[in-house]
Amino acid sequence: KPVGDDLLEGKPTPLVALAFARAGTADRDLLGHLGDPQLSAADITALQAVFVRTGALEQIEADIARLVTVAREALIAAPIDDTARAWLDELAAYVAWRDR
């Protein structure tokens, strides 16, 4: 899906919530434009910079990596066959990092 779609739609994602919680006044003003269908490419870039500047992007990526590790550890102990385990392991990586 195109970069910025969630910003144009104003989706209330964990990334947005964390950035807002950590943002100063100027960044909160920028975040206030989420959901504006008239956002330009420059506006989207500015919003993405807020996610980086607040550390929200780094935190969410760390949380995702931790949760994938937890899921993979659970798969090791799960009473399933190796084929199912392999598929689920691949699925965990895909849903976590489908943009890479």
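## Buried and exposed, before we start

A residue is called buried when its relative accessible area is under 20%, exposed when that is over 50%, and partly exposed in between. Keep those cut-offs handy, and keep in mind that this is a predicted model.

## Helix H5 and its two sides

Let's start with H5, which covers residues 56–77. This helix has 22 residues and reaches 32 Å from its first C-alpha to its last, close to the 32 Å expected at 1.5 Å a residue. Its buried residues are Ala 56, Ile 60, Val 68 and Leu 75. Look down the axis of H5 and these buried residues fall within an arc of 105 degrees, so they line one face of the helix.

What do the buried residues of H5 pack against? They sit against helix H2 (14–22), H4 and H6. Over on the other side of H5, Glu 58, Glu 73, Ile 76 and Ala 77 are exposed.

## Leu 75, a closer look

Leu 75 belongs to helix H5 and, at 11% relative accessibility, counts as buried. Leaving out residues up to four places away in sequence, Leu 75 touches Ile 80, Arg 85, Leu 88 and Asp 89. Take Leu 88 as an example: Leu 75 and Leu 88 are 13 residues apart in sequence, and their C-alpha atoms are 7.8 Å apart in space.

Ile 80, another of the residues that Leu 75 touches, is found in the loop between H5 and H6. Is Ile 80 buried, partly exposed or exposed? With 31% relative accessibility, Ile 80 counts as partly exposed.

## Helix H6

H6 runs over residues 82–96. It has 15 residues and reaches 21 Å from first C-alpha to last, close to the 21 Å expected at 1.5 Å a residue. The buried residues of H6 are Arg 85, Ala 92 and Ala 96. They cover an arc of only 20 degrees around the axis, which puts them on the same side of H6. H5 is included in what covers these buried residues.

Flip to the other side of H6 and you'll find Thr 83, Trp 87, Glu 90 and Tyr 94 exposed. Tyr 94 also turns up in a nonpolar patch on the surface, together with Ile 80, Leu 88, Leu 91 and Val 95. Taken together, the patch has about 450 Å² of accessible area.

## A salt bridge inside H6

Now for the charged side chains. Side chains of opposite charge can pair when their charged atoms come close. How many salt bridges does a search of the whole structure find? The search finds 5.

One of these is in H6: Asp 82 forms a salt bridge with Arg 85, with the closest N and O atoms 2.8 Å apart. The two residues are 3 apart in helix H6, so about one helical turn separates them. An α-helix has 3.6 residues a turn, so residues three or four places apart point the same way. The partners don't match in accessibility, though: Asp 82 is exposed at 60%, whereas Arg 85 is buried with a relative accessible area of 18%.

## Tying H3 to H4

Another salt bridge joins the side chains of Arg 53 and Asp 27, at 2.8 Å from N to O. Arg 53 lies in helix H4 (residues 41–53) and Asp 27 in helix H3 (residues 25–31), so the pair ties together parts that are 26 residues apart in sequence.

Which partner is buried, and which is exposed? Arg 53 counts as exposed at 51% relative accessibility, while Asp 27 counts as buried at 12%. Apart from residues up to four places away in sequence, Asp 27 touches Val 50, Arg 53 and Thr 54.

## A small network at Asp 6

Back towards the start of the numbering, the side chains of Asp 6 and Lys 11 meet in a salt bridge, 3.5 Å from N to O. Both partners are partly exposed: Asp 6 has 28% relative accessibility, and Lys 11 has a relative accessible area of 34%.

This pair has company. Asp 6, Glu 9 and Lys 11 are linked in a network of salt bridges.

Definitions and conventions
Residues are numbered from 1 along each chain as its sequence is written. This is a predicted model: local features need pLDDT of at least 70, side-chain atom pairs count only at pLDDT 80 or more; totals for chains, interfaces and linings use all residues. Side-chain values use heavy atoms; hydrogens and water are left out. A salt bridge is a side-chain nitrogen of Lys or Arg within 4 Å of a carboxyl oxygen of Asp or Glu. Buried means under 20% relative accessible area, exposed over 50%, partly exposed in between (1.4 Å probe, protein chains only). Helices (H or I, at least four residues) and strands (E, at least two) are DSSP runs, numbered from the N terminus. The expected span of a helix is 1.5 Å times one less than its number of residues. The arc is that of the directions from the helix axis to the C-beta atoms. Contact means heavy atoms within 4.5 Å. Patches are made of residues with over 30% relative accessible area and no salt bridge: like charges are joined within 9 Å, nonpolar side chains (Val, Leu, Ile, Met, Phe, Trp, Tyr) within 5 Å. Accessible areas come from the Shrake-Rupley method with a 1.4 Å probe; for residues, only the protein chains shown count as cover.
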